[in-house]
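Subject: Structure handover

Hello,

Here is the structure you are taking over from me. Please open it alongside this message, and read the notes below with it on screen.

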Amino acid sequence: MIQKSFNHLDQAILEKLKAICGEGRVLSYGSNLEKYSRDESNQESAEPDVVVFPEEASEVSRILKLANKTGIPVTPRGTGTGVTGGAVPCLGGIVMAMERMNKILDIDVDNLMAVVEAGVITDDLKRKVEEKGLFYPPDPSSMDMCTIGGNLAECAGGAMAVKYGVTKDYVCGLEVVYPDGTCEKLGGKIVKNVAGYDLIQLLIGSEGTLGVITQVTLKLIPKPKYSATLLVAFNSTDTSACVVSEILKQKIVPAAMELLDERCICAVEKYLNCTFPYSKAKVLVLIRLMEHHESVISNMIQDIKKVCKRFQPQYIKEAFSSKEEDVLWKVRRSVRPALKALSPDKISEDIIVPRREISRAIKAIEALAKKHQMEIFCYGHAGDGNLHVQVLRIKEDEDTWREKTPNVIEDIFRIAIDLGGTITAEHGIGLTKRSYLPMALGKKTLEIMKNIKEAFDPNGILNPGKIF
Ligand SMILES: Cc1cc2nc3c(=O)[nH]c(=O)nc-3n(C[C@H](O)[C@H](O)[C@H](O)COP(=O)(O)OP(=O)(O)OC[C@H]3O[C@@H](n4cnc5c(N)ncnc54)[C@H](O)[C@@H]3O)c2cc1C
């Protein structure tokens, strides 16, 4: 539990918050605030003094005006699925829970746009637009729990980033409440916009430190009608990067290319109590294709199989129906729970390297695991070069493990940077990575970023303690 430095939320402020939101939408002393003290990083926690549940931008605005005037920290929160402590109210104060601003306001088929409130659950939006034959591609694995606002704040990605990009590629407009309470709209249902600096893109990935996003206008695309999956297992780690690069070099762009190392495959087998036909493989690559024409998919599958066969796969299996695809993807879906079952003490990093360097990164991490005698597992989005490196406590006692992990994490980040990558691809800096940010950015760049924060939030009330 982090020691709070803020400690002056008095009754008068509480009454003002109740006047803004109504009694039923303010949780304070004596209520169960535990849920709002942590996120899925499970590394840091701190209880807020109060949690407010605004239902309109005007309420967000009045709360921020009050907080700005009285110097109370405000931590915006979606559903707390973040994995870097971004929604943890580390200085106490107000948690602004956006979960009640969950209306899908408009699905505009003529303009291929959706307008949603920030607290909409990502998967709810995806399903609603798919009912209209449209597609909102960003697909974080947490999409059935996380919010669009949280996705913007972290610039969430997902498996389909290879072909379709990440959250920032779909945002055309937003409504933001700045820390002083001013509410303004940026962009809209427009696909081009160069009026001034691109503050939309600056707010995306800003981790709730520059403004509270209340409404978002998202670009939609036609939903591809056909999909297929290819699962390929190899006996050598080296082949994974070669296969991924070779597929792209052949100008084949799958929707997703995911990877599991041999330790993850074993963990899933143990978790599911089964033996896969590719049980002893060094690396597993899952490739998903999504297209508008069936013939295109069949041709792509043939071409990808040709590429894979050059690298002598140990096992190869294709699936064309959604039911069959689901069976193949079960191994990928099960990695996270499988690792959690191995050990509740787990640090999850999401480094990114150029796609070509994935095998080198995995091998360097294997060597690192040996050097530090740590249990490290790798899986992730091979098509983007984004690896989720998991450091688990299996054999060591807790104190030794906690003592060793900061050095191991620094070494993992060093591997990513030395290979031309960076320390986070989609999970953000939050609290857990802030001490490592100077490894990834130059001094001047960091200074400019801090000045940007100062320009948006001179009193430092919005999500203080995050990123820097
Ligand atoms: C099982 C699991 C799988 C995951 N898979 C992925 C994945 O595939 N890809 C990926 O990118 N991430 C993934 N994540 C991480 C997480 O789900 C994403 O970062 C997600 O975008 C967080 O959304 P949230 O609504 O839970 O936000 P929270 O965790 O509540 O908040 C995250 C950050 O956003 C800020 N914030 C939230 N709402 C707003 C708002 N309206 N305005 C301003 N700031 C706001 C918060 O202050 C905080 O800094 C996964 C997490 C879990 C637990």
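What follows covers the domains, the ligand shell and the helix packing.

Please keep in mind that this is a predicted model.

Domains

The domain assignment splits the protein into domain 1 (104-222), domain 2 (226-329) and domain 3 (337-428). Between domain 1 and domain 3, the centres, taken over C-alpha atoms, are 29 Å apart. Nine residues of domain 1 and seven residues of domain 3 make up their contact. On the side of domain 1 that touches domain 3, six residues are nonpolar, one is polar and two are charged.

Ligand shell

There are 36 residues around the ligand, and those that come nearest are Gly78, Gly86, Gly149, Gly150 and Gly208. Two or more residues of the shell are given by each of β3 (74-77), α4 (148-154) and β10 (212-219). Which element gives the largest share of the shell around the ligand? That is α4, with five residues. Sorted by class, the shell holds 18 polar, 11 nonpolar and seven charged residues.

Helix packing

Three helix pairs are described here, in the order α7 with α9, α7 with α12, and α12 with α13.

Helix α7 (residues 237-249) packs against helix α9 (residues 294-310) at an angle of about 140°, and their axes are 10 Å apart. The crossing of this pair, α7 and α9, is right-handed. From α7, Val243, Glu246 and Ile247 take part, and they meet Ile304, Val307 and Cys308 of α9. This contact of α7 with α9 has five nonpolar residues, one charged residue and no polar ones.

Helix α7 also packs against helix α12 (residues 358-372), here at an angle of about 155° and with the axes 7 Å apart. An angle over 145 degrees counts as roughly antiparallel, and α7 and α12 are therefore roughly antiparallel to each other. Their crossing is right-handed. On the α7 side the residues are Thr237, Asp238, Ser240, Ala241 and Val244, and on the α12 side they are Ile358, Ser359, Ile362 and Lys363. By class, the contact of α7 with α12 has four nonpolar, three polar and two charged residues.

Helix α12 in turn packs against helix α13 (residues 398-418), at an angle of about 155° and with the axes 10 Å apart. That angle makes α12 roughly antiparallel to α13. The crossing of α12 and α13 is right-handed. Which residues make the contact? From α12 they are Ala361, Ala364, Ile365, Leu368 and His372, and from α13 they are Lys404, Val408, Asp411, Ile412, Ile415 and Ala416. Eight of the residues in the contact of α12 with α13 are nonpolar, one is polar and two are charged.

To go through the pairs on screen, begin at α7, which meets α9 through residues including Val243 and α12 through residues including Thr237. Then go on from α12 to α13, where Ala361 of α12 is among the contact residues.

Regards

Conventions: Residues numbered from 1 in each chain as written. Predicted model: local features only at pLDDT ≥ 70, side-chain atom pairs only at ≥ 80, totals over all residues. Axes fitted to C-alpha atoms, helices over the stretch in contact; angles between N-to-C directions. Helix = DSSP H or I, 4+ residues; strand = E, 2+ residues; numbered from the N terminus. Left-handed = near helix turned anticlockwise from the far one by under 90°. Contact = placed C-beta atoms within 7 Å. Nonpolar A, V, L, I, M, F, W, Y, C, P; charged D, E, K, R; others polar. Domains from an automatic or database assignment. Parallel < 35°, antiparallel > 145°, perpendicular 65-115°, else oblique. Near = placed C-beta within 6 Å.
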